[in-house]
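This report describes the fold of a protein chain and a selection of its local features. Please consult the sequence and coordinates alongside the text.

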Amino acid sequence: MQTIRCVHRRMRSYHYSRKMGTLPWSCSPETKTMRDSAAACAGHLLLAICLCMFGCAHESAPSDPGQPAQASSPLFEEISLQAGVSVRHFAGPTDEYPMPQSMGSGCALLDVNGDNRLDILIVAGEASDKVNATDKRMCSLLIQDADGRFTDRTSQAGLTVKGFGMGVAVGDIDNDNDLDILMTSFLGASLFRNDGSGQFQDITEIAAVSAARWSTAAAFVDYDRDGWLDLMVTNYVDYVPGSICEDGAGRRDYCGPLAFKGTVDRLYHNLGRVGKPGIFLDVTAECGLVTGPTKGLGLICSDLNDDGLPDLYVANDSEPNRLWIQQTDGTFRDEAEIRGCAVDVHGKPQASMGTLFADLDGDGLKDIFLTHLRGETNTLYRHAVAGIFVDHTAATGLGNPSLNYTGFGTAAVDIELDGDLDLLVANGKVMRAPLLVPEPLSSHWDEYAERNQIFLNDGAMQFTELTDLTEPFLKDVEVSRGLATGDIDNDGDIDVLISNTASRVQLFRNVAVRKGHWLTVRAIDPNLRRDSIGAKIVVNCGSRRWAAEVLPGTGYLSSHDLRVHFGIGECTEYDFIEVQWPDSQNSRERFEGGPVERQVDLVRGTGTPTAAAISEVQQ
């Protein structure tokens, strides 16, 4: 087996050396390709216009206006053990510092048996540089019972990963009214078909999705609007097992992405067969996605330029992000640079991990939020006008508080039901750094542990970090990776699941004092017999509108509740709901209003067709 030794002897700044401070001086630097000059000039012009129009300039913005907040009462309580959730993530032996061990794993909240109660899936770890394609690890599946407790069904479920497990994607691939599951891992992807009861059949070979690459984020998306969920899989670096990397003090440490070449992401087209094992066709090349290898960790599959066609946003580790805009002929073109979301405001790529796509300022346009490495800030790209984004981080209060943390899983949820979206971030280092709270080390992972973060939104995209360390969501210091959200107890607020490397899983119930009301929406297409992933939903109440999308596959290697949750503040009755369905006509429908504090199932065809543009949403 080939061994690469990548060592440097000087301590570098975290921002410069990116992952783990181990820029491999003995390895050849990767060659940067030049962008098309005309496209770059157009992008600079568009961004300049946006900065003038919207006052988004980084340099003129105040430096993190938010002040640390103290909660008057807890926002969450941990209920893991009382709910029967005692699963531990096993990362395997640490003596060889296998790189996959520092990156995974994810988790999911999903309803695997159709009883309207969320179940729990934890992707398995257990890494070793000596694993091969025949080694499989069982993933934990916990089914929620009527009393709110969870029963371990791991052995019956049959869900496994090859080698070290990374992520999970959820969707109904065969339109048979149950959720199927894709797992990603260091050795490639695995696809499992649900029999409807929460037992799964491995159909990876039949489906033809088993590319032998280090796969990370994945999501189901009907990119061609034919009614069948297709599959996007991001791939990470071309890691060589046995590679040796060291930290600035010459100690063995985990390798980072700069030591290896990137790989090509894959797009699979679902050929469509009702109630039968799905068969996919790799269309990566014919769709134009092979123009260059990247190092993908995060993924957003949505219509980012508001033209009615799904696009693909890939968040890359220490390389410019890619925004694959779908063209009218079904091919994709990378327009991240000209649309303002490839690099930060200084033109530098960052170590992107977690992603979310949500309307954070209530203007009807969804914004991009990315989590990054310690020494960088997390980044918020404000959606200024349709398809154009501006780095708005400094003006939001999200910059400085993230400098000392390495962010992975993230989600936007209305914690207090006051009508705006707050941010959750799961943290954990990938390289050694000074301990935030120096204390004797009890395990290998203590040097990588960090606390999580909560940022409360004031409604105008001004965020304040909650720093009260008695808050249960913040007080434990772990190496957190996956974060999944959903209403586990169907009480109208959002709860959280966290996957921690080499430690126990944590389940948090929302106990925040409610400042308003809520509505949960499920968008169902009866012709397809499934939840309509990609459906855009707008809830209208008086002069207020809240826009969201059925978009479970964001965050970091994780999957959220397919139901869309709205905190709607003081509204006690909503006027109507608009839905734009993800079909070839972008069909729109209006559903009449009613009381809040309930789940509403919107069934396609039972509302009133409308031609109103759902994207034209203003607060």
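## Strand 24 and its neighbours

Strand 24 and strand 25 (residues 379–385) run antiparallel and are joined by three bridges. Within this pairing, Ile 368 has Tyr 381 of strand 25 as its bridge partner. The model under discussion is a predicted one.

Strand 24 is also joined to strand 23 (residues 355–358), by four bridges and again in antiparallel fashion. Here Ala 358 has Asp 367 of strand 24 as its bridge partner. In a regular strand, side chains alternate between the two faces of the sheet. Both faces of strand 24 (residues 367–370) are covered: Asp 367 and Phe 369 are buried on one side, and Ile 368 and Leu 370 are buried on the other.

## The chain as a whole

The protein chain contains five helices and 42 strands. Of its 619 residues, 62% are buried. The accessible surface of the chain amounts to about 22100 Å², and carbon and sulfur atoms account for 51% of that area. Among contacts between residues at least 6 apart in sequence, 63% join residues at least 24 apart.

## Two open sheets

Strands of a sheet pair through backbone hydrogen bonds, either parallel or antiparallel. One open sheet consists of four strands in the order 9-10-11-12, with antiparallel pairing. Strand 9 (165–171) and strand 12 (200–202) form the edges, each pairing on one side only. From one strand to the next, the twist averages 25°. Strand 11 (residues 190–194) is joined to strand 12 by three bridges, the two running antiparallel; Phe 192 stands opposite Asp 202 of strand 12.

Another open sheet of four strands has the order 19-20-21-22, likewise with antiparallel pairing. Its edge strands are strand 19 (296–302) and strand 22 (332–334), and each of these pairs on one side only. Neighbouring strands of this sheet are turned by 20° against each other on average, direction ignored. Strand 20 (residues 311–316) and strand 21 (residues 322–326) run antiparallel and share three bridges, with Leu 312 opposite Trp 324 in strand 21.

## Nonpolar cores

In soluble globular proteins, nonpolar side chains tend to be buried together. The largest nonpolar core of this model has 58 residues, and those with the most contacts inside it are Leu 121, Leu 159, Leu 182 and Met 183. Leaving aside neighbours within four places in sequence, the residues in contact with Leu 182 include Val 168, Leu 191, Val 209, Phe 220, Leu 231 and Val 233. A second, separate core comprises 24 residues, including Met 103, Phe 164, Trp 214 and Tyr 239.

## Buried acidic residues and their polar partners

Which atoms lie opposite the side chains of two buried acidic residues? Asp 391 is found in strand 26 (residues 388–391). Because its relative accessibility is 8%, Asp 391 counts as buried. The C-alpha atoms of Asp 391 and Gly 340 are 7.5 Å apart in space, although these residues are 51 apart in sequence.

Glu 450 lies in the loop between strand 28 (422–427) and strand 29 (453–457). With a relative accessible area of 1%, Glu 450 is buried. The polar partners of Asp 391 and Glu 450 are tabulated below.

| Side chain | Partner | Distance |
|---|---|---|
| Asp 391 | backbone nitrogen of Val 345 | 2.9 Å |
| Asp 391 | side chain of Thr 393 | 2.7 Å |
| Glu 450 | backbone nitrogen of Gly 428 | 3.3 Å |

## Backbone geometry in loops

Three loop sites have backbone features that merit inspection. A cis peptide bond, with omega of about 15°, joins Gly 104 and Ser 105. Ser 105 is found in the loop between strand 2 (76–78) and strand 3 (107–110).

Leu 417 is not a glycine, yet has a positive phi of about 60°. Leu 417 lies in the loop between strand 27 (407–413) and strand 28, and is buried, its relative accessible area being 0%. Glu 597, also not a glycine, has a positive phi of about 60°. Glu 597 belongs to the loop between strand 40 (588–595) and strand 41 (599–603). Glu 597 is partly exposed, because its relative accessible area of 34% falls between the limits of 20% and 50%.

Note on methods:
Residues numbered from 1 in each chain as written. Predicted model: local features only at pLDDT ≥ 70, side-chain atom pairs only at ≥ 80, totals over all residues. Heavy atoms only, no water. Pairing = 2+ DSSP bridges. Axes fitted to C-alpha atoms, helices over the stretch in contact; angles between N-to-C directions. Core = buried A, V, L, I, M, F, W, Y, C linked by side-chain atoms within 4.5 Å. Buried < 20%, exposed > 50% of the residue type's maximum accessible area, 1.4 Å probe, protein only. Contact = heavy atoms within 4.5 Å. Polar contact = N/O pair within 3.5 Å; in protein donor to acceptor, adjacent residues only side chain to side chain. Areas by Shrake-Rupley, 256 points an atom, 1.4 Å probe, with all protein chains shown as cover.
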